[in-house]
Amino acid sequence: MRAVFLYEREQTAAFTEGMTERYPDIRLYRVVTWYLGAAAVVVARVSGCLPSA
């Protein structure tokens, strides 16, 4: 079981190593802000506060 855990941890680390380099100019703060803004629009539309298109 430990061998499987270590293997998966290594594979995950190898996979995600280059992920942060994909978008170096976008900061976490900006991504979180965009996500929260989009979530607010979805919630407002579902609750009926925004007219449907």
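In the predicted model, helix 2 comprises 20 residues, from 28 to 47, and spans 28 Å between its first and last C-alpha atoms, a reach close to the 28 Å expected at 1.5 Å a residue. Just after this helix, Gly 48 adopts a positive phi of about 95°. Helix 2 belongs to a protein chain that contains two helices and zero strands, and a loop that includes Ile 26 lies between helix 1 (2-16) and helix 2.

Of the 53 residues in the protein chain, 2% are buried. The accessible surface of the chain amounts to about 5,300 Å², of which 65% is supplied by carbon and sulfur atoms. A nonpolar patch on this surface is formed by Leu 28, Val 31, Val 32, Tyr 35 and Leu 36, which together account for about 540 Å² of accessible area. An α-helix has 3.6 residues a turn, so residues three or four places apart point the same way.

Within this patch, Val 31, which is located in helix 2, is classed as partly exposed because its relative accessibility of 39% falls between the 20% limit for buried residues and the 50% limit for exposed ones. Val 31 is also contacted by Ile 26, the loop residue, which touches both Val 31 and Trp 34 when residues up to four places away in sequence are not counted. Ile 26 itself has a relative accessible area of 28% and is therefore likewise assigned to the partly exposed class.

Technical notes
Residues are numbered from 1 along each chain as its sequence is written. This is a predicted model: local features need pLDDT of at least 70, side-chain atom pairs count only at pLDDT 80 or more; totals for chains, interfaces and linings use all residues. Side-chain values use heavy atoms; hydrogens and water are left out. Helices (H or I, at least four residues) and strands (E, at least two) are DSSP runs, numbered from the N terminus. The expected span of a helix is 1.5 Å times one less than its number of residues. Buried means under 20% relative accessible area, exposed over 50%, partly exposed in between (1.4 Å probe, protein chains only). Accessible areas come from the Shrake-Rupley method with a 1.4 Å probe; for residues, only the protein chains shown count as cover. Patches are made of residues with over 30% relative accessible area and no salt bridge: like charges are joined within 9 Å, nonpolar side chains (Val, Leu, Ile, Met, Phe, Trp, Tyr) within 5 Å. A salt bridge is a side-chain nitrogen of Lys or Arg within 4 Å of a carboxyl oxygen of Asp or Glu. Contact means heavy atoms within 4.5 Å.
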